[in-house]
Amino acid sequence: MKVLVTGGAGYIGSLVCPMLLDEGHDVVLLDNFMWGIHPILHFVTHPRLTVMDGDIRDRATVAAAMSGADAVIHLAAIVGYPACSADPMLAKSTNVDGTRHLCDLASPNQALIFASTGSTYGQCDTICTEETPINPLTLYGRTKRDAEQMIVDKGGIGLRFATVFGLSPRLRLDLIVNDFCYQAYHQRQIVLFEGHHRRTFLHARDAALVYPFTLARFDQMKGDVFNVGSSSMNFTKAEIARKVQAIQPFYLHEASVGEDLDKRNYEVSYDKIHRLGYDATVSMEEGIAEVLRVVPHIRQRSEWRNAA
Ligand SMILES: NC(=O)c1ccc[n+]([C@@H]2O[C@H](COP(=O)([O-])OP(=O)(O)OC[C@H]3O[C@@H](n4cnc5c(N)ncnc54)[C@H](O)[C@@H]3O)[C@@H](O)[C@H]2O)c1
């Protein structure tokens, strides 16, 4: 297949593209390289890869990138509520208008696969299934909801990811697990608020692996949404902190003040995608251990903090 990957130089995309190339697909990578070219250097010369430096907000660019593609894996976005709140216009034009271009230009035989998020559920008192009404509480969640709806209306697939963690060539240290690892090593203390809040997680390699999985089952999954994660990966924030502490000792201060603005405190069911045969392969402990091997060598966090 010829597969267009938007956001192919990002945290998840830089793992997806080499997997697709390894599977024998031709890959067109469209990205505006917000985080630079470094994340794709290890596969940039692959003979079946075409790199396009462009913006999904530009319709002509999207049209050129989609030309001849059998499938589109749409990852490009302004990711996480802090980044979206910092520039709401950019967030809406990228996450919503960029997706609209893809949907308007897609031909009926192009398979659209969208990176959605569990953030669309908002506050959820029960275990969230795909039937649970969505109620996003942040601009990020709302832009992802609107984009997901357009994709599904077009017969595509919405993959509602858990919070991703672990290593990738475009390493994100703003994600909660990676952030705890960084703080544990460099500050030797973490101030934890809302430690009882439950979140749900997925390793970056497993997030990438769901794409070859979905491409192979597109006809079975099309026109629908799927929570993507593992029923073995629902943890409280305090449980995550203690898992990090088991490898990298630090002082954990459980504070009674402070709140997460996206208010996520939920448990998610992954039964629907498990029934198709998908499950996580990397445990939380393995992911934490690998991040802790890397953070000592990161002297300074220079990233925009865009926690998804
Ligand atoms: N990482 C997570 O925990 C998580 C969880 C749920 C959903 N997602 C979704 O997965 C997707 C990828 O997330 P990520 O963690 O890899 O983030 P990321 O920020 O690392 O990747 C996004 C990529 O999109 C590119 N991009 C941004 N605006 C663009 C534009 N206008 N035109 C072209 N390219 C543009 C960036 O340069 C970057 O390479 C996003 O759609 C995100 O909403 C991520």
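By the shell around the ligand I mean the residues with a heavy atom within 4 Å of it. Good morning, colleagues. The model before you is a predicted one, and I shall speak about two topics, namely the ligand and its surroundings, and then the cysteines.

Let me begin with the ligand. How many residues surround the ligand? There are 32 of them. The closest are Tyr11, Asp31, Tyr140, Lys144 and Arg172.

Which element gives the most to this shell? That is strand S5, with three residues. Strand S5 covers residues 111–117. Along with S5, the elements that give two or more residues are helix H5, at 139–153, and strand S8, at 163–165.

Turning to the protein backbone, I would draw your attention to three contacts with oxygen of the ligand. At Ile12, a polar backbone atom lies 2.9 Å from a ligand oxygen. At Leu75, the distance from a polar backbone atom to an oxygen of the ligand is 2.8 Å. At Val164, a ligand oxygen is again found beside a polar backbone atom, and here the value is 2.9 Å.

How much of the ligand does the protein bury? Taken alone, the ligand exposes 830 Å², and the protein buries 99% of that area. The space that the ligand takes is the largest pocket.

I now move to the cysteines. How many disulfides does the structure hold? It holds one. The partners are Cys124 and Cys128, and their sulfur atoms are 2.2 Å apart. Is each partner buried or exposed? Cys124 has a relative accessibility of 8%, so Cys124 counts as buried. Cys128 is buried as well, because its relative accessibility is 0%.

Cys17, by contrast, is in no disulfide. For Cys17, the nearest cysteine sulfur belongs to Cys103, at 20 Å. Cys17 is buried, with a relative accessible area of 0%.

Why does Cys84 not form a bond with Cys103? The closest cysteine sulfur to that of Cys84 is in Cys103, 18 Å away, which is too far for a bond; the cut-off for a disulfide is 2.5 Å between sulfur atoms. Cys84 is likewise buried, as its relative accessible area is 0%.

To summarise, the protein buries 99% of the area that the ligand exposes when taken alone, and strand S5 gives the most to the shell around the ligand. As for the cysteines, the one disulfide of the structure joins Cys124 to Cys128. Thank you for your attention.

Note on methods
Residues numbered from 1 in each chain as written. Predicted model: local features only at pLDDT ≥ 70, side-chain atom pairs only at ≥ 80, totals over all residues. Heavy atoms only, no water. Buried < 20%, exposed > 50% of the residue type's maximum accessible area, 1.4 Å probe, protein only. Polar contact = N/O pair within 3.5 Å; in protein donor to acceptor, adjacent residues only side chain to side chain. Areas by Shrake-Rupley, 256 points an atom, 1.4 Å probe, with all protein chains shown as cover. 1 Å grid on protein atoms, 1.4 Å probe; cavity = no way out; pocket = protein on both sides within 12 Å on 5 of 7 lines; lining within 4 Å. Sits in = over half its atoms within 2 Å of the grid points. Helix = DSSP H or I, 4+ residues; strand = E, 2+ residues; numbered from the N terminus.
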